[in-house]
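Please look over the sequence and the model before reading on. The report below moves from one pair of charged side chains to the wider architecture of the chain.

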Amino acid sequence: MRGELERLRRRFGNREPGLLGAARSYAVLCPLVEDPEGTLSLLFEVRAPQLRQGGEVCFPGGRMEPGESVLDCALRETEEELSIPRREVSPLGTPDFICNAAGFLLRPVLGLVSPAGYAAMRPSPGEVAQVFTVPLDYFRRTEPEVWRYELLPQVPEDFPYEPVGISRDYPWSHGHTEVPIWYVQGHAVWGMTARLVREIARRDADPPLAPV
């Protein structure tokens with residue numbers, strides 16, 4: 001019995017909990033750049049057309065490797081996609097992450113890119129079609145268009161209702177997902193990227209706005 005308890009302590013005692021059922025995690029950098037007048041802008045990518053979801057607006061990022069921290073992944077992917085050296089990014093903090101219904105986590109890092117880092121930026125043509133910046137204040141002042149879709153349970157016909165002890169009209173949980181969209185500079189900033197932008201803009205408001 002004591003050996004079993006010790007094994008449980010080793011496996012769970014110093015473990016950082018994650019989200020149950022999350023098969024994989026991704027990290028993105030939400031990069032800020034500052035112009036000579038002190039205006040802060042968010043830097044966005046447009047995904048290269050040959051990629052999955054080509055043409056969509058996103059932040060630099062990708063799948064976390066085993067043992068990699070959120071920050072390390074975000075900085076590594078930014079360097080790979082935009083050639084911005086990680087030493088030229090000052091981390092500012094971690095906005096709330098997204099749990100996607102497909103079973104993965106999207107972990108954002110907010111960071112300030114130095115003038116030298118911005119000057120060194122060379123988007124990888126295999127991954128990035130173009131980049132553009134939008135003043136952060138635009139997102140503070142401009143509400144996105146918001147669409148919603150329902151997440152409805154699809155229960156198999158042969159589900160064992162009787163052995164479980166429930167009836168066929170059991171009230172299965174369902175939910176919804178919001179899809180915010182900003183149309184700016186000829187681009188649509190939408191989906192999970194827009195949800196991260198909305199989180200940053202709301203927390204940066206004075207006073208901070210409550211999440212919805």
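## Charged pairs, a core and a surface patch

In this predicted model, the side chains of Glu68 and Arg76 come together in a salt bridge, with N and O 2.7 Å apart. Glu68 is buried, since its relative accessible area is 17%, and Arg76 is also buried, with a relative accessible area of 12%. The two residues belong to a network of salt bridges that links Glu65, Glu68, Arg76, Glu77 and Glu80. The structure as a whole holds 13 salt bridges, and three of these pairs are set out in the table, with the relative accessible area of each partner.

| Salt bridge | N to O distance | Arg partner | Glu partner |
|---|---|---|---|
| Glu68 and Arg76 | 2.7 Å | Arg76, 12% | Glu68, 17% |
| Arg86 and Glu79 | 3.3 Å | Arg86, 36% | Glu79, 31% |
| Arg198 and Glu178 | 3.1 Å | Arg198, 11% | Glu178, 19% |

Arg86 is partly exposed, with a relative accessible area of 36%, and its partner Glu79 is likewise partly exposed, at 31%. In the pair formed by Arg198 and Glu178, Arg198 lies in helix H6 while Glu178 lies in strand E10, so this salt bridge ties together parts that are 20 residues apart in sequence. Arg198 is buried, with a relative accessible area of 11%, and Glu178 is buried as well, at 19%.

Helix H6, which carries Arg198, covers residues 191–204 and has 14 residues, and from its first C-alpha to its last it reaches 20 Å, close to the 20 Å expected at 1.5 Å a residue. How many residues of H6 are buried? The count is 10 of the 14, so the helix is largely enclosed by the rest of the structure. Among these buried residues are Gly191, Thr193, Leu196, Val197 and Ile200, together with the charged residues Arg198, Glu199 and Arg202.

The largest nonpolar core of the model has 24 residues, and those with the most contacts inside it are Leu42, Phe44, Phe59, Phe139, Val189 and Val197. At least two residues of this core come from each of strand E1 (24–34), strand E2 (40–47), E7, strand E8 (128–135), helix H4 (136–141), strand E10 (175–184) and H6. H6 gives the most to the core, with five residues.

Strand E7 (104–113) is followed by a loop that leads to helix H3 (115–119), and Ser114 is placed in this loop. Ser114 counts as buried because its relative accessibility is 19%, where the cut-off for buried is under 20%. The side chain of Ser114 makes a polar contact with the side chain of Glu88 at 2.5 Å, and it also reaches the backbone nitrogen of Gly117 at 3.0 Å.

A contrasting region is found on the surface, where Leu5, Leu8 and Phe12 form a nonpolar patch with about 280 Å² of accessible area together. Leu5 is placed in helix H1, which covers residues 2–12, and is partly exposed, with a relative accessible area of 35%. As background, an α-helix has 3.6 residues a turn, so residues three or four places apart point the same way.

Seen as a whole, the chain contains six helices and 11 strands, and its C-alpha atoms fill a box of roughly 65 × 45 × 40 Å along the principal axes. Of the 212 residues in the chain, buried residues make up 37%.

Note on methods
Residues are numbered from 1 along each chain as its sequence is written. This is a predicted model: local features need pLDDT of at least 70, side-chain atom pairs count only at pLDDT 80 or more; totals for chains, interfaces and linings use all residues. Side-chain values use heavy atoms; hydrogens and water are left out. Patches are made of residues with over 30% relative accessible area and no salt bridge: like charges are joined within 9 Å, nonpolar side chains (Val, Leu, Ile, Met, Phe, Trp, Tyr) within 5 Å. Accessible areas come from the Shrake-Rupley method with a 1.4 Å probe; for residues, only the protein chains shown count as cover. A salt bridge is a side-chain nitrogen of Lys or Arg within 4 Å of a carboxyl oxygen of Asp or Glu. Helices (H or I, at least four residues) and strands (E, at least two) are DSSP runs, numbered from the N terminus. Buried means under 20% relative accessible area, exposed over 50%, partly exposed in between (1.4 Å probe, protein chains only). A polar contact is a pair of N or O atoms within 3.5 Å; within protein, one must be able to donate a hydrogen and the other to accept it, and residues adjacent in sequence count only if both atoms are side-chain atoms. The expected span of a helix is 1.5 Å times one less than its number of residues. A nonpolar core is a set of buried Ala, Val, Leu, Ile, Met, Phe, Trp, Tyr and Cys residues joined through side-chain atoms within 4.5 Å.
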